[in-house]
Amino acid sequence: STSLRDFNLSLLLKHVITGNEPLSRARLSQITGLNRSTVTRLVDYLIECGMVTEQELVVNGAGRPAIPLAPAQRTHTAIGIELDRTSINLQAVDLAGLVIAENYIEYSSNDFTKILETTHHIIKTAVEQIQHAQINLVGITLAMPGLIDNEGTSIVDTPSLNWPATNITAQFEDLCQTTHTPITLLNSATAAGIAEQYFRQKDGIVNGDFIYIGGQNGIGAAHMAQGKFPDHPTSWGGELGHTFVSDSGKICTCGRAGCLEAYAGRMAIIELAGLPPNSTDGHLQAALARKDKNAVATLHTTGTLLGRAVSNYVNLVDTTEILVGGYLRALFPYFKHSFIKELNRSCLRERLSPLRVECSISGSNAPSFGAAWSAIHRYISTPGIWHPIPSELLNFKSAVSSPTIILDDEEDN
């Protein structure tokens with residue numbers, strides 16, 4: 001049936017594009033349990049649609065030569081944009097995980113209307129570049145801190161930014177119509193968790209169960225369970241920064257007292273460390289490097305309160321690993337001791353099986369990359385909308401894979 005064929009197409013493609021090494025048709029047959037003739041027929045269609053590409057023939061000993069399959073480059077792409085208090089970060093990512101276009105803009109105004117206008121402009125520019133390159137645009141996703149509605153179209157609340165509840169996709173309706181491309185919203189922490197999951201899979205890390213914590217200014221969290229893609233990426237969970245951790249009464253940006261973000265948010269840390277309000281992360285790092293008393297004490301408190309919040313999270317959902325990203329990643333060495341100490345005290349599983357605590361590997365662009373990858377995931381999960389693409393668009397070769405040409409510059413005698 002069509003539904004079974006679509007399921008198998010998507011299954012094969014996901015193995016190819018998330019695997020940490022190229023897979024042959026025979027290997028795909030072993031992994032999926034599909035017979036070789038079915039795999040061969042479906043892979044041929046994946047090649048026609050510009051989803052995968054064949055690499056050079058590999059001969060392993062006396063066995064039958066195998067043709068490795070890899071994700072196709074520059075045939076399909078998705079745009080991911082991270083919106084935050086001080087910046088807009090756009091990345092266009094292809095099926096091979098390559099960033100083929102990017103744009104980063106910083107701003108000082110928190111005027112939401114102007115931010116949306118700027119975002120519209122940089123998306124429109126990126127779309128024009130992608131169309132000029134004859135690359136198929138499969139989706140656009142905006143990653144934002146705060147609560148997103150279940151349809152992935154509107155922001156409901158952004159406690160850290162005080163942006164109004166808005167139907168965001170309606171602001172970009174003209175782009176949706178001209179590109180025939182859906183635009184959806186995603187929580188920034190969830191987007192970063194998706195990016196972290198992708199890079200861990202590409203590194204061959206089997207255990208995909210972890211909690212990602214991080215953010216650019218506030219603190220969000222995403223629970224990635226057993227390597228599975230989030231079933232409800234627009235859910236309202238993961239607002240770790242707005243969980244109650246202290247009764248000292250410090251007011252959070254959300255208006256409530258005692259939230260984690262009031263003590264461990266980026267600007268809160270700078271304030272509590274005794275630095276001027278316009279201080280940068282570099283100023284904070286310098287204060288910590290010279291062992292400034294206030295800065296060191298602030299990071300000790302950060303670790304304790306963050307450990308308390310994460311312990312509550314782990315006690316509810318259970319996981320095996322905590323990954324620290326966003327602005328917290330660079331500060332981790334300074335609060336690691338108090339963070340782990342609090343985990344040992346407050347997390348029940350620590351008595352039986354200690355959590356692994358590590359820095360994330362996805363980098364500072366994780367939310368924008370993860371937003372783009374979520375759109376790619378939606379596309380590769382719906383083979384019914386795929387179409388074969390012209391053969392001349394399937395012949396892209398990167399600079400790494402292009403053949404070397406040696407010119408003989410000797411003059412004729």
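Visitor: How many bridges join strand S11 (residues 210-214) to strand S13 (residues 321-324)?
Guide: In this predicted model, S11 and S13 run parallel. Two strands pair if DSSP finds at least two bridges between them. Strands are DSSP runs of E with at least two residues, helices are runs of H or I with at least four, and both are numbered from the N terminus. The bridges joining S11 to S13 number three.

Visitor: What kind of model is this?
Guide: Residues are numbered from 1 along each chain as its sequence is written, and side-chain values use heavy atoms, with hydrogens and water left out. Local features need pLDDT of at least 70, side-chain atom pairs count only at pLDDT 80 or more, and totals for chains, interfaces and linings use all residues, since the model is predicted.

Visitor: Which residue in S13 stands opposite isoleucine 211, and which strands stand at the edges of the sheet?
Guide: Isoleucine 211 faces isoleucine 322. The sheet is open, with mixed pairing and the order S12-S11-S13-S14. Two strands have a single partner each, so one side of each is left without a neighbour in the sheet. These edge strands are S12 (220-224) and S14 (356-359).

Visitor: At what angle do the axes of helix H1 (residues 2-18) and helix H13 (residues 366-380) cross?
Guide: Axes are lines fitted to C-alpha atoms, for helices over the stretch in contact, and angles run from 0 to 180 degrees between N-to-C directions. The contact (heavy atoms within 4.5 Å) is made by Ser10, Leu13, Lys14 and Ile17 of H1 and Trp373, His377 and Ile380 of H13. The two axes come within 10 Å and cross at roughly 145°.

Visitor: Is asparagine 8 buried or exposed?
Guide: Asparagine 8 is found in helix H1. Beyond its neighbours within four places in sequence, it touches Leu34 and Leu42. Buried means under 20% relative accessible area, exposed over 50%, partly exposed in between (1.4 Å probe, protein chains only). At 10% relative accessibility, asparagine 8 counts as buried.

Visitor: Which element gives the most to the largest nonpolar core?
Guide: A nonpolar core is a set of buried Ala, Val, Leu, Ile, Met, Phe, Trp, Tyr and Cys residues joined through side-chain atoms within 4.5 Å. The largest has 43 residues; Leu13, Met51 and Trp373 are among those with the most contacts inside it. Elements giving two or more residues include H1, helix H3 (36-48) and S11. With nine residues, the top contributor is H13.
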